[in-house]
Amino acid sequence: MSMVTKLELRTALGPVYRDVLPYPPRDCTADEIPVIDLAPIFSEELSDRKRVAASIKSAATNNGFFYVKNHGIPEETITQCKQQVFNFMRQPLEKKDLVSSRKYSKYYNGYLGNRQAQISRSESADVRESFGFRYSPELDPDHPMNISEVPDDVRAWIRAEDFVWERTAHLPNFKNDLLAYWGSCLKLARRLVRVFALSLDLEENYWDDKVTHPGADGVFNYYPPRTPEEVENKFVGLGSHTDLQLFTLLWQDTVGGLQILSKEGQWLRAPPIEGTIVVNIGDFMMRLCNDIYKSTVHRVTNESHAERVSMPFFFGLNFNCVEGVVPSCTSESNPAKYEPMSCGNWCQMRFKRERDDFLKNEEAKKAMAPSATVVAA
């Protein structure tokens, strides 16, 4: 059997590497990715919320992934949103290209086609299509407001673009159904960030004023069944990576395909569990807590013969907020490892690196392609 291999990961600060054991993926155990009941976070009793915080701390310091049940997002909201993802993805390509991210977006909104990204340099191009949009204050379910009312320092970081809705208006209820799910995720995330604060021995409201206009990205992934050529060449649906912001909420359908890389270097399958959402720690949270919580490498492969849909929601601080390591995570013997940085700059650095690397690779492929020029003998 082959030796441990090195997996190269793209980060905002350049490549890093992880060891991978030479064993096939296996199902996770309940200790490796636990199920946490969120019902107590809706309680008025602080002791109830602290109990959940303790469970989150245990999971976040282990593999950085956990399932949550009783999360408060209605099943009907999820079902309608999933159907709209299919409605969009099953359109002809020319319809989807009306909202092409590469053609029309400055800020990574819109549609990205199959094999049009490669998030991991160690793996294949991603066999995935996606549609995404960024936070807009007008659509905030807790305090909607016109962008002109947003403070100047925050407004400069708002990344929403209206073309994603204007050019999908032909799909009945598309915007409403996606926003219903997105808004439910945003409400849940604002509750969860208070529980995360408790888990780090901070005041429950520690981040409240820093998530008024947050990083809140809705992304809707469609994974077609792989072709025989893609199976043979071990194409991935979404290559190995870590997430960027504080944490991610992920609804996945019953097809499955999510895998996480354990601390020991073993790939673990995170199978769908009915009624749950997967939560995982992001890079910026790991920075803020001085590496106490783990932003864990994960990937997706659709190994079935069915279409797969997943609906991640990426949550972070207001992009203008410059934050360093939180006070509860440093001491004389454990000083802060990271300088303060804004969540927005952190994200933009990685987004730009990913796009630039992909476009550079595409240009290199074109340069190596056989020339069609006819040369006289």
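Contact is taken here to mean heavy atoms within 4.5 Å. The structure described is a predicted model, and by this criterion Pro-25, leaving aside its neighbours within four places in sequence, is in contact with Gln-259, Gln-266, Trp-267, Arg-269 and Arg-299. Pro-25 belongs to the loop that runs between strand 2 (14-20) and strand 3 (26-27). Although 243 residues separate Pro-25 from Leu-268 in sequence, their C-alpha atoms are 5.4 Å apart in space. Pro-25 has a relative accessibility of 24% and therefore counts as partly exposed.

Two of the residues in contact with Pro-25, Trp-267 and Arg-299, recur in the description of the largest pocket. This pocket holds about 460 Å³ of space. It is lined by 20 residues, and those closest to its centre are Glu-123, Lys-234, Val-236, Trp-267 and Arg-299. Strand 1 (residues 5-11) makes the greatest contribution to the lining, giving three residues. By residue class, the lining of the largest pocket comprises nine nonpolar, five polar and six charged residues.

Enclosed space was examined as well. Rolling a probe the size of a water molecule over the atoms shows where empty space is left. Across the whole structure, three cavities of 30 Å³ or more are found. The second largest cavity contains about 140 Å³ of space. Its lining is made up of 16 residues, with Trp-157, Arg-159, Pro-214, Gly-215 and Phe-319 nearest the centre. Strand 8 (214-223) and helix 10 (343-368) are the elements that give two or more residues to this lining, and strand 8 supplies the largest share, four residues. In the lining of the second largest cavity, 10 residues are nonpolar, three are polar and three are charged.

Trp-157 and Phe-319, both among the residues nearest the centre of the second largest cavity, also touch Ser-342. Outside its neighbours within four places in sequence, Ser-342 is in contact with Trp-157, Phe-284, Phe-319, Asn-320, Cys-321 and Val-322. Ser-342 is placed in strand 17 (residues 341-342). The relative accessible area of Ser-342 is 5%, below the 20% limit, so this residue is buried.

Among the helices, helix 7 (residues 174-199) has 26 residues and extends 37 Å from its first C-alpha to its last, close to the 38 Å expected at 1.5 Å a residue. Because 20 of its 26 residues are buried, helix 7 is largely enclosed by the rest of the structure. Ala-197 is situated in helix 7 and has 0% relative accessibility, so it counts as buried. Not counting residues up to four places away in sequence, Ala-197 touches Leu-202, Glu-203, Glu-204, Tyr-206 and Trp-207. By contrast with these contacts, Ala-197 and Asp-162, which are 35 residues apart in sequence, lie 33 Å apart in space, C-alpha to C-alpha.

Just after helix 7, Asp-201 adopts a positive phi of about 60°, although this residue is not a glycine. Asp-201 is located in the loop between helix 7 and strand 8. With a relative accessibility of 63%, over the 50% limit, Asp-201 counts as exposed. Arg-115, likewise not a glycine, also has a positive phi of about 60°. The position of Arg-115 is in the loop between strand 6 (110-112) and strand 7 (129-133), and its relative accessible area of 31% makes it partly exposed.

Helix 1 (residues 46-62) has 17 residues, which at 1.5 Å a residue should span 24 Å; its end C-alpha atoms are 25 Å apart, in agreement with that value. The buried residues of helix 1 are Asp-48, Arg-49, Val-52, Ala-53, Ile-56, Ala-59 and Ala-60. These residues cover an arc of only 135° around the axis and therefore lie on the same side of helix 1. An α-helix has 3.6 residues a turn, so residues three or four places apart point the same way. The cover over the buried residues of helix 1 includes strand 4 (35-37), strand 5 (65-69), helix 7 and strand 13 (276-281). Helix 1 is followed by Gly-64, which has a positive phi near 75°.

Helix 2 (residues 75-89) has 15 residues and reaches 21 Å from first to last C-alpha, close to the 21 Å expected at 1.5 Å a residue. Within helix 2, the buried residues include Thr-77, Ile-78, Cys-81, Gln-84, Val-85, Phe-86, Phe-88 and Met-89.

Methods: Residues numbered from 1 in each chain as written. Predicted model: local features only at pLDDT ≥ 70, side-chain atom pairs only at ≥ 80, totals over all residues. Heavy atoms only, no water. 1 Å grid on protein atoms, 1.4 Å probe; cavity = no way out; pocket = protein on both sides within 12 Å on 5 of 7 lines; lining within 4 Å. Points joined across faces, edges and corners; volume = space filled by probe spheres on them. Nonpolar A, V, L, I, M, F, W, Y, C, P; charged D, E, K, R; others polar. Expected span 1.5 Å × (residues − 1). Buried < 20%, exposed > 50% of the residue type's maximum accessible area, 1.4 Å probe, protein only. Arc of directions from axis to C-beta.
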